[in-house]
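Visitor: Could you take me on a close look at the aromatic rings in this protein, and then show me what else the side chains are doing? I am in my first year, so please go step by step.

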Amino acid sequence: MFNNKIILITGGTGSFGNTIVKYFIKTKVSEVRVFSRDEKKQDEMRNEISNDKLKFYLGDVRDKSSLREVIKNVDFIFHAAALKQVPSCEFFPIEAYKTNTLGTANVIDVAEEFKVKKVVILSTDKAVYPINAMGLSKAMAEKIAIAKSNYLKNTSPVISITRYGNVMNSRGSVIPLFISQIINKKDVTVTDPNMTRFLMSLDESVDLVMHAFKKGGQGDIFVQKSPSTTIKDLAECLIEAFKSNSKIRVIGTRHGEKLYETLIAREEMNRAKDLGKYFCISADNRDLNYKKYFTEGKKEISGHNDYTSHNTTKLSRKELKKLLRYYVERQARDEYA
């Protein structure tokens, strides 16, 4: 599948990028191109992963000219470049729009221009019923991708999308924050103890992307059935795992923060196929005959529910501790001290 192919990973120096790069260099790919605007992270990655297949390109998805340079001769694109931090996107929403929305449109346009075969776009649960700038910008990125896939139909590139919940131990996520606070004997700051969040590992995020790559049709959205936990349980289990005396301090909900996250909206569930481990939401591929929007519809939505971190499988404290053991025993003390 990847033999002698050239792979491009936008935002390739992030947590996901590092993980999928390690996956690809074990395959028979010809070249893996890492595209990002952070030269420091590129240098760190170059030193950590020394491999002749790996090529680094400085650039920004906001800039089509830099994309054109890196996309030449590329077969497949995994688009992970994004602004992901909710607070920073709330303060600078235009920057979120430029990177997450326009950047995605640029990647798709240039991929079409250079006849790339497939593009997999990484999205987020925050794109469903968005209440913050990060979610709004990613929701629009999804809409652009789906509209473009409807236009392309059976031509290339084939565009598919993956939606994630919280990816454990990714940069800026809550687990590294809590562990850092515990290691440094500080209070663990919780915004709302009753908040729930989906949990998936970085390896699972790669598995989901590879499933979308292999099985995805034009405009399909793939979601993993992930378990969830309350933020209170997560904080308490980490404190117990480190045998810490840290206390939980409730600081109140931040701007743009939800009580729970939604991976599939009720309105999408009538197009969602249950694939066992995953859901696949088929693209709404009605054409531009607007009359159909008034005379023809899809199946009724009243029989469906949203798929949320409140109604998915909840991890018991025992299950949560087992899931967290890797981060506590193998990484936490070295990385966050």
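**Rings and their partners**

Guide: Happy to! A search of the whole structure, which is a predicted model, turns up 10 aromatic pairs. Let us start with Phe 2 and Phe 24, whose rings meet edge-to-face, with 5.0 Å from centre to centre and 80° between the planes. Phe 2 belongs to the segment before β1 (6-10) and Phe 24 to helix α1 (residues 15-24), so this pair ties together parts that are 22 residues apart in sequence. How accessible are these two residues? Phe 2 has a relative accessibility of 6% and counts as buried, because buried means under 20%. Phe 24 counts as buried too, at 0% relative accessibility.

Now look at another pair, Phe 16 with Tyr 164. The ring centres of Phe 16 and Tyr 164 are 6.5 Å apart and the planes make an angle of 45°, so this pair is tilted. Phe 16 lies in helix α1, while Tyr 164 is in strand β6 (residues 158-164), so here the ring pair ties together parts that are 148 residues apart in sequence. Both Phe 16 and Tyr 164 are buried.

Some rings join up into a group. Phe 2 and Phe 24 appear again here, linked by ring pairs into a cluster with Tyr 23, Phe 76, Phe 78 and Phe 213.

Rings can also have a charge for company. The charged end of Arg 46 sits over the ring of Phe 56, at 4.7 Å from the ring centre. Likewise, Lys 225 places its charged end over the ring of Phe 279, 4.9 Å from the centre.

**Helix α5 and its surroundings**

Let us move on to helix α5 (residues 93-113), where you will find Ile 94. Together with Tyr 97 and Leu 102, Ile 94 makes a nonpolar surface patch of about 260 Å². The relative accessible area of Ile 94 is 48%, so this residue is partly exposed.

Charged side chains play a part here as well. Across the whole structure, a search finds 26 salt bridges. One of them joins the side chains of Asp 109 and Lys 64, at 3.2 Å from N to O. Asp 109 lies in helix α5 and Lys 64 in helix α3 (residues 64-71), so the bridge ties together parts that are 45 residues apart in sequence. Asp 109 is partly exposed, with a relative accessible area of 28%, and Lys 64 counts as partly exposed at 28% relative accessibility.

Another salt bridge stays within the helix: Lys 98 pairs with Glu 95, and their closest N and O atoms are 3.8 Å apart. Both residues lie in helix α5, 3 residues apart, which is about one turn of the helix. Lys 98 counts as partly exposed at 32% relative accessibility, as does Glu 95 at 26%. Elsewhere, salt bridges that share partners connect Lys 232, Asp 233, Glu 236, Glu 240, Arg 317 and Lys 321 into one network.

A further salt bridge is formed by the side chains of Lys 72 and Glu 69, at 3.8 Å from N to O. Lys 72 has a relative accessibility of 38% and counts as partly exposed.

**Some buried places**

To finish, let us visit a few buried residues. Met 134 is part of helix α6 (residues 133-152). Its relative accessible area is 6%, so Met 134 is buried. Which residues does Met 134 touch, leaving aside its neighbours within four places in sequence? They are Leu 83, Lys 84, Val 86, Cys 89, Asn 100, Thr 124 and Lys 126. There is also a separation to note: the C-alpha atoms of Met 134 and Phe 92 are 9.7 Å apart, with their positions 42 residues apart along the chain.

Ser 201 is found in the loop between β9 (196-200) and α8 (202-215). With a relative accessible area of 16%, Ser 201 is buried. Setting aside neighbours within four places in sequence, Ser 201 is in contact with Val 167, Met 168 and Tyr 327.

Last comes helix α7 (residues 174-183), whose buried residues are Ile 175, Pro 176, Phe 178, Ile 179, Gln 181 and Ile 182. Just after α7, Lys 185 takes a positive phi of about 60°.

Conventions:
Residues numbered from 1 in each chain as written. Predicted model: local features only at pLDDT ≥ 70, side-chain atom pairs only at ≥ 80, totals over all residues. Heavy atoms only, no water. Phe/Tyr/Trp six-rings, centres within 6.5 Å; stacked < 30°, edge-to-face > 60°. Helix = DSSP H or I, 4+ residues; strand = E, 2+ residues; numbered from the N terminus. Buried < 20%, exposed > 50% of the residue type's maximum accessible area, 1.4 Å probe, protein only. Lys NZ or Arg CZ within 6 Å of the ring centre and 35° of its normal. Patch = residues over 30% accessible without salt bridge, like charges linked within 9 Å, V, L, I, M, F, W, Y side chains within 5 Å. Areas by Shrake-Rupley, 256 points an atom, 1.4 Å probe, with all protein chains shown as cover. Salt bridge = Lys/Arg side-chain N within 4 Å of Asp/Glu carboxyl O. Contact = heavy atoms within 4.5 Å.
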